[in-house]
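Here are some exercises to work through with the structure open beside you. Try each task yourself before you read the solution.

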Amino acid sequence: MASRDQAGDAYPVNHVISPRPHPLPEVTHDYTMARFPPGPCSMALKSTVFRAELQVSDMDRHYYGTHALTLARHPSETDERLMVRLLAFALFADERLEFGRGLSSDDEPDLWRKSLTGEIELWIDLGQPDEADIRKACGRARQVVIVNYSGRSADIWWDKNGASLARSGNLTVIDIAPETVDALAALTDRGMRLQCMIQDGQVELYGEGSSITVDKRVRMAPADAAY
């Protein structure tokens, strides 16, 4: 989120006046800029736009499609998080799956899929959300997925919240290994062409001259989920 400006102390304004034969007319100075000097926080930071052509062949779900995606990266979002968002799209690819406002909003997830009548069928958040926020999402959406990707800190989060979250019958928690996250970040580019193949739970991602075997584990999932 963009920082707000704070008024600073007045800056001294020094005038050097050379002697003149006649008095100068009175001049009224506007000290607005002196009292409130522009700084790096005076203008809202803008998101950076990334584009990706993602081809998905998911033999487990019998889903095959090519998606032209536009990702707006929040100023605070890292390459790692951006690419995990893209991976999450590949894992749950669907014609109605969309990127939400995520970091820019407390009321939207990183990705979601809605029915034709506007009901939230799938809610996907990244990282380590608060337990209360997860429970709220489980009440709003038919299925909720949390994608961890932060290594040891994600393990600590799970140790703290796993037992209570186990009571949520429509919740799935997936962990992406740090090595996979690093490899994904290396593919980051303003224009990307990627292929994702999924078979028997194994995920392979192919970029320009490189391939990644996605190391993921399912911490919890509904009994009928196919992950």
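**Exercise 1. One residue to start**

Is Ser57 buried or exposed?

*Solution.* Keep in mind that you're looking at a predicted model.
- Step 1: find the residue; Ser57 sits in strand 1.
- Step 2: check its relative accessible area, which is 17% for Ser57.
- Step 3: compare that with the cut-off, since buried means under 20%. Ser57 therefore counts as buried.
- Step 4: look at who is around. Skipping residues up to four places away in sequence, Ser57 touches Tyr63, Tyr64, Cys196, Met197 and Ile198.

**Exercise 2. The whole chain**

Work out how many helices and strands the chain has, and what share of its residues is buried.

*Solution.*
- Step 1: count the elements, and you get five helices and 11 strands.
- Step 2: turn to burial; 41% of the 227 residues count as buried.
- Step 3: take the outside. The chain's accessible surface is about 14,000 Å², and carbon and sulfur atoms own 49% of that.
- Step 4: consider the contacts with a separation of 6 or more: 54% of them link residues 24 or more positions apart.

**Exercise 3. The sheet of five strands**

In what order do the strands of the open sheet of five strands lie?

*Solution.*
- Step 1: read across the sheet and you find 2-1-8-9-10, with mixed pairing.
- Step 2: look at the edges. Strand 2 (63–73) and strand 10 (210–214) each have a single partner strand, so one side of each has no neighbour in the sheet.
- Step 3: check the twist; ignoring direction, neighbouring strands here are turned by 20 degrees against each other on average.
- Step 4: see what "mixed" looks like. Strand 1 (residues 48–58) and strand 8 run parallel and are joined by eight bridges. Strand 8 and strand 9 (residues 202–207), on the other hand, pair in the antiparallel sense over five bridges.
- Step 5: pick out facing residues. In strand 8, Arg193 is opposite Glu53 and Gln195 is opposite Gln55. Met197 has Glu204 of strand 9 opposite.
- Step 6: follow the turn. The hairpin of strand 8 and strand 9 has two residues between the strands, and Asp200 there takes a positive phi near 55 degrees.

**Exercise 4. Two faces of one strand**

Which side chains of strand 8 (residues 191–199) point to the buried face?

*Solution.*
- Step 1: recall the rule that in a regular strand the side chains alternate between the two faces of the sheet.
- Step 2: apply it. Met192, Leu194, Cys196 and Ile198 share one face and are buried.
- Step 3: list the others; Gly191, Arg193, Gln195, Met197 and Gln199 point to the other face and are not buried.

**Exercise 5. Helices and the core**

Find the helix that gives the most residues to the largest nonpolar core.

*Solution.*
- Step 1: start with the core. It has 40 residues, and those touching the most other members are Leu54, Leu71, Leu86, Phe89, Phe92, Ile124 and Val147.
- Step 2: name the helix. Helix 2 (residues 79–91) gives the most, with nine residues.
- Step 3: zoom in on one member. Beyond its neighbours within four places in sequence, Leu71 is in contact with Thr48, Val49, Phe50, Ala52, Leu82, Arg85, Leu86 and Phe99.
- Step 4: place the helix. Helix 2 lies across strands 1, 2, 8, 9 and 10, at about 155 degrees to strand 2.
- Step 5: add helix 5 (residues 178–185), which lies across strand 9 and strand 10 and runs at about 155 degrees to strand 10.

**Exercise 6. A helix with two sides**

Why are the buried residues of helix 3 on the same side?

*Solution.*
- Step 1: identify them. In helix 3 (residues 131–140), Ile134, Ala137 and Cys138 are buried.
- Step 2: use the arc. They cover only 100 degrees around the axis, which puts them on the same side of helix 3.
- Step 3: link this to helix geometry: an α-helix has 3.6 residues a turn, so residues three or four places apart point the same way.
- Step 4: check the opposite face, where you find the exposed residues Ala132, Lys136 and Gly139.
- Step 5: see what the buried residues pack against: strand 5 (120–126), strand 6 (143–148), helix 4 (152–165) and strand 7 (171–176).

Methods: Residues are numbered from 1 along each chain as its sequence is written. This is a predicted model: local features need pLDDT of at least 70, side-chain atom pairs count only at pLDDT 80 or more; totals for chains, interfaces and linings use all residues. Side-chain values use heavy atoms; hydrogens and water are left out. Helices (H or I, at least four residues) and strands (E, at least two) are DSSP runs, numbered from the N terminus. Buried means under 20% relative accessible area, exposed over 50%, partly exposed in between (1.4 Å probe, protein chains only). Contact means heavy atoms within 4.5 Å. Accessible areas come from the Shrake-Rupley method with a 1.4 Å probe; for residues, only the protein chains shown count as cover. A nonpolar core is a set of buried Ala, Val, Leu, Ile, Met, Phe, Trp, Tyr and Cys residues joined through side-chain atoms within 4.5 Å. Two strands pair if DSSP finds at least two bridges between them. The arc is that of the directions from the helix axis to the C-beta atoms. Axes are lines fitted to C-alpha atoms, for helices over the stretch in contact, and angles run from 0 to 180 degrees between N-to-C directions.
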